[in-house]
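Subject: Structure for your files

Hello,

Here is the structure I said I would pass on. My notes on it follow below.

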Amino acid sequence: MSWKIEHPCPQCGAPVEMEETDRIFKCEFCRTRLYISPRESFQFFIAPPRPDLDVFFLPYWRFKGVEFSCDELQVTGKIVDSNILAVKLPHLPPSLGVRPQVLKLRYVAPGVPGRFLRPELPFGTAAGRLSARVEGRLPDIFIGEIKSLIYSPLRVKGEWIYDAILDRPLCPAQDGPCAGLEVDETLQPRDQISFLATLCPRCGFDLEGEKDSLVLLCPNCSTSWQAREGAFESVACDFLAPGAGERPDIYLPFWSILPGVDGLKIESRADLARLANLPRVVPGAWEKEPPRFAVPAFKVNPTLFLRLARMMTFLSKKNDRNVEVRKISQHPVTLPLNEALESLRVFIASIAHPKKSVLPHLSQMSFALKDSRLVYLPFTLRGEEFIQPEIGISIQRAALSWGKLI
Ligand SMILES: [Zn+2]
Ligand SMILES: [Zn+2]
């Protein structure tokens, strides 16, 4: 289920409709092509049919991704697509329900009439309140391609609070957010997005990338770029060359991450191997090697995500041959680096053997980013599978196209 976003073209003013995951804004009228850079996470609102100053906007966390649960036996993940109330108001709907098909979202911006309630609960807490908690169980870990806020409009009519879209009563006004509302419970909306020209900051050439890609490539000067705080910044990238005679059909991106781990002793590659209790002797050189992780930077099902992360992290062969970026067809990067960093917690739980030794530390662990690179790996299509013959990885074609649909 996906929301649609509507925004006027900054160039010609024509209304443009986008998908929630779109990063490239394309106006069919004036041919403008721009990159959308959010301030932090995206914030949207649903416009009521009659906008006015009496409207209250109630915040909901929007999450689309995977919810991982860890216990002593296994790590399991399930796909989650939800909207969760971000304030502690028990009488109001805990979720936005099934409205996305009909309503369009707009970016929160200064000048929207109404008052925006400040989100009280961080995303993890709000999500924890919604999912059924089992006593003594570890909190679930959410790794998402989408973590945004959606504000839904309310209105007070007499003694009742109404849903301002459906014009339906929700709860008595004295139980709701409007009773004794203080100024500090509301937000001053700020501009949430900036538009960037999709031109290479180094050489001015048109940057390439699919509309949902977080990283754009310059085919002219072989550089890659991601948006941060309203500007493009360079992303360190390696494009690994195919083996002799191989003609790759696609390059798949992986985040290669060197973290500082707090809360568990992982200071070398050897520590990681011991944690996983690998069925082979840990090479002495690994004691001096930093603990680099590699996780998929694209959407796949949770089991495959963890399997690929394990294969890539414990890769013993090193392939340092780089190719020129201009000749390749790359799969879009859709998992943000900060989510990839957070996924290390799940990954560590998934490789730990026995898990009992790690689980008590899981919630307390923290990861600081020391270094990151994108590594693009060449794959060749054989039948219904993408194969990486040198490393021995195969991925069902359906698993990649499924990832694009969720
Ligand atoms: Zn336009
Ligand atoms: Zn360039």
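Of the contacts in the chain between residues at least 6 apart in sequence, 68% join residues at least 24 apart. Please keep in mind throughout that this is a predicted model. The chain has 406 residues and a radius of gyration of 23 Å, which agrees with the value near 22 Å for a compact globule of that length. The C-alpha trace spans about 75 × 55 × 35 Å along its principal axes. Buried residues account for 35% of the chain, and the secondary structure comes to 6 helices and 23 strands.

Domains

The domain assignment gives domain 1 as residues 4–193 and domain 2 as 236–405. Their centres, taken over C-alpha atoms, are 32 Å apart. Where they meet, 12 residues of domain 1 are in contact with 17 residues of domain 2. On the domain 1 side, strands E6 (56–70), E7 (75–85) and E10 (141–157) each supply at least two of the residues that touch domain 2. E10 gives the most to that side, with 4 residues.

Helices

H4 runs over residues 337–351, 15 residues in total, and reaches 21 Å from its first C-alpha to its last, close to the expected 21 Å. The helix nevertheless has a kink of about 30°, centred on Arg 345. H4 is largely enclosed by the rest of the structure, because 11 of its 15 residues are buried. Among the buried ones are Glu 339 and Ala 340, and also Arg 345, the residue at the centre of the kink. The run from Ser 343 through Leu 344, Arg 345, Val 346, Phe 347, Ile 348, Ala 349 and Ser 350 to Ile 351 is buried as well.

In the loop between H4 and helix H5 (359–362) lies Pro 354. The peptide bond leading to Pro 354 from His 353 is cis, with omega near -5°.

In helix H2 (residues 269–276), the buried residues are Arg 269, Leu 272 and Ala 273. Seen down the axis of H2, these fall within an arc of 100°, so they line one face of the helix. Just after H2, Asn 277 takes a positive phi of about 50°.

Ser 224 and its surroundings

Ser 224 is in strand E16 (residues 223–228). This residue is buried, because 24 other C-beta atoms lie within 10 Å. Leaving aside neighbours within four places in sequence, Ser 224 is in contact with Val 215, Leu 216, Leu 217, Val 235, Cys 237 and Leu 374. Ser 224 and Leu 374 are 150 residues apart in sequence, yet 9.3 Å apart in space, C-alpha to C-alpha.

Ser 222 is in the loop between strand E15 (216–218) and E16. Its phi is near 55°, a positive value in a residue other than glycine. With 16 other C-beta atoms within 10 Å, Ser 222 is partly exposed.

Asp 167

Which residue in the loop between strand E11 (160–163) and strand E12 (168–172) might you look at? Asp 167 is found there, and its phi is near 55°, positive although the residue is not glycine. Asp 167 counts as exposed, because it has 12 C-beta neighbours inside 10 Å.

Regards

Definitions and conventions:
Residues numbered from 1 in each chain as written. Chains lettered and ligands numbered in written order. Predicted model: local features only at pLDDT ≥ 70, side-chain atom pairs only at ≥ 80, totals over all residues. Expected span 1.5 Å × (residues − 1). Bend = angle between axes of the 7 residues up to and from the residue. Buried ≥ 20, exposed ≤ 12 C-beta atoms within 10 Å, placed from the backbone. Rg over C-alpha atoms; globule rule 2.2 N^0.38 Å. Contact = placed C-beta atoms within 7 Å. Arc of directions from axis to C-beta. Domains from an automatic or database assignment.
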